[in-house]
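Work through the exercises below with the sequence and the model open. Each task is followed by a solution in steps.

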Amino acid sequence: MRFFLISLVFLLVGCASYPKKNGFVRVEDSDRPIQNPYFSDTLVDYIYKAKIDVFDKSFGGILVLKKLGPASHRIAFTTEMGNTLFDFSFLNDGFKVNRILKELDRKILINILRKDFTALIREQNSILEQYQKESESLKKATILGKEHYYLYQNNRLAQIVRIGKGTPKVVFLFFEINDNIAQQIKITHYNFKLTIALKAIID
Amino acid sequence: MLKRIFSFLPIRPEGILTFNLLCYLFFSGTAFAQVKMSTAEATALRTKVKAQAKITTTVSSDFTQYKHLDFLSNDIESKGTLAFKAPDIVKWEYTTPFSYAVLFKDEKLFINDNGAKSDMDLGSNKVFKQLNQLITASIRGDMFDDTAFEINYFIKEDNSLVHFMPKDEQFATFIKAFHISFNAVGEVEEVKMIEPSDDYTQIIFSNRTLNQPLPDAVFSH
């Protein structure tokens, strides 16, 4: 019986939503849409040194992000010596490959990058549900049809979490925020070994 | 599946370079007029550069790199030092705004990315072997290979400007043209690598020192 109860508790916790599991309480939704300010200025060239760890491989390069207009971004990745490895355009949910190195031109890889970058740069999003825990708020939204949670700490966007079957699949961490620029960003995938660490390059 | 896709990744296509007519149109329209060399002038330049390359045993130089992407407001600027030792050891070391070094030595490519070290064998990779040769040749300026490039010669102010368009189709999907500027004595002053999209990387050399002994430590990984 005791085993059954413990199992039941686990089962219930296991089925609990992501906010509940993390101790958040549902509150009334805000009227204002979700804002991600980190790639929102058309006057800024967002340049990051990138380190990508995938399975047992590690490689680096320069990731360049530019807002071109409302819901329109361009993202390119080059080697340190300047050779472009890929160059993508994003417009709302739309996506275009401007250029990709032949060896990287694989649908599965392009899909991962598309999903990650769309979540990274999406500037506004509608709130589906809102939760609160002390000074933290959690806002549910969808990106490309997938469930995501935006975590704000003291009204500052600290994390975006993509959820699959109630558990985090991909986590985007923003830290060292300075004048609406995230000096450091870390994207971690939990269903396979892939992390992308970005460090802003200051002029 | 995914693992297999990523398995090639240490292969870093540094410098993969292509050409098109627009370059000519663009450059011929700029304020600094460039005039096509006569055959005799081109031959004289080749002779001068080859002679210069032949007596070059070491080179050390500072460089400033400008990465131009058309959609950016400003070029991405980085700086560092270059060391070359004949016949074919080259080290590019970026110091600002990040720390990154790439060393071509013994048919291998060694990378030191802010302390994280890796290497790869160039011997098995045709494109990288070509690239290594090309980087070495471009430092010395000695890449006048008509079988590998379509070559055009220009006079630009006091300097010579040579356009190299790779003939190899695979290579041309990386870089469509190299534009190399030589000073009056036939040393390389500037290298511009133009991508098929017309985005480019421009490297300008300064404080160049020729044939001074370079300690082995400079070329250690």
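**Exercise 1. Cores**

Which residues of the largest nonpolar core touch the most other members?

Solution. The model is predicted: local features need pLDDT of at least 70, side-chain atom pairs count only at pLDDT 80 or more, and totals for chains, interfaces and linings use all residues. Residues are numbered from 1 along each chain as its sequence is written, while chains are lettered from A and ligands numbered from 1 in the order in which they are written.

Step 1. Fix the terms. A residue is buried if 20 or more other C-beta atoms lie within 10 Å of its own, exposed if 12 or fewer, and partly exposed in between, with C-beta atoms placed from the backbone. A nonpolar core is a set of buried Ala, Val, Leu, Ile, Met, Phe, Trp, Tyr and Cys residues joined through C-beta atoms within 7 Å.

Step 2. The largest nonpolar core has 42 residues, and those that touch the most other members are A:Ile47, A:Leu63, A:Val64, A:Leu65, A:Ile75, A:Tyr150 and A:Phe172.

Step 3. Take A:Leu63 and leave aside its neighbours within four places in sequence: A:Leu63 is in contact (C-beta atoms, placed from the backbone, within 7 Å) with A:Tyr48, A:Ala50, A:Phe77 and A:Leu198.

Step 4. There is also a second, separate core of 29 residues, with B:Ala53, B:Phe174, B:Val188 and B:Met193 among its members. In soluble globular proteins, nonpolar side chains tend to be buried together.

**Exercise 2. A helix of chain B**

Find the buried residues of helix H3 of chain B and state where they fall around the axis.

Solution. Step 1. Helices (H or I, at least four residues) and strands (E, at least two) are DSSP runs, numbered from the N terminus. Chain B has five helices and 12 strands, and 34% of its 221 residues count as buried.

Step 2. Check the length. H3(B) covers residues 39-54, and its 16 residues should span 22 Å at 1.5 Å a residue; the expected span is 1.5 Å times one less than the number of residues. The end C-alpha atoms of H3(B) are 22 Å apart, which agrees.

Step 3. B:Leu45, B:Val49 and B:Ala53 are the buried residues of H3(B). Down the axis they fall within an arc of 65° (taken from the directions from the helix axis to the C-beta atoms), so they line one face of the helix.

Step 4. The face of H3(B) turned away from the buried side carries exposed residues: B:Thr39, B:Ala40, B:Thr43, B:Thr47 and B:Lys54.

**Exercise 3. Hairpins of chain B**

Follow strands S3 to S6 of chain B and describe how successive strands pair.

Solution. Step 1. Two strands pair if DSSP finds at least two bridges between them. S3(B) and S4(B) pair in the antiparallel sense over seven bridges, with B:Phe84 opposite B:Val90. Three residues lie between these strands in their hairpin. B:Pro87 is in this loop, and a cis peptide bond with omega of about 5° joins B:Ala86 to B:Pro87.

Step 2. S4(B) and S5(B) run antiparallel and are joined by five bridges; B:Glu93 stands opposite B:Ala101. Their hairpin also has three residues between the strands. B:Pro97 lies in the loop between S4 and S5 of chain B, and the peptide bond from B:Thr96 to B:Pro97 is cis, with omega about 0°.

Step 3. S5(B) (residues 100-105) and S6(B) pair antiparallel over six bridges, and B:Lys105 stands opposite B:Lys108. This hairpin has two residues between the strands, and B:Asp106 takes a positive phi near 50°.

Step 4. In S6(B) (residues 108-113), the covered face holds B:Leu109, B:Ile111 and B:Asp113, and the uncovered face B:Lys108, B:Phe110 and B:Asn112. In a regular strand the side chains alternate between the two faces of the sheet.

**Exercise 4. Positive phi in chain A**

Locate A:Asn154 and A:Asn180 and classify the exposure of each.

Solution. Step 1. A:Asn154 is in the loop between S11 (146-153) and S12 (156-164) of chain A. Its phi is positive, about 50°, although A:Asn154 is not a glycine. With 9 other C-beta atoms within 10 Å, A:Asn154 is exposed.

Step 2. A:Asn180 is in the loop between S13 (167-178) and S14 (181-189) of chain A. Its phi is near 60°. A:Asn180 has 13 C-beta neighbours inside 10 Å and so counts as partly exposed.

Terms used: Contact = placed C-beta atoms within 7 Å.
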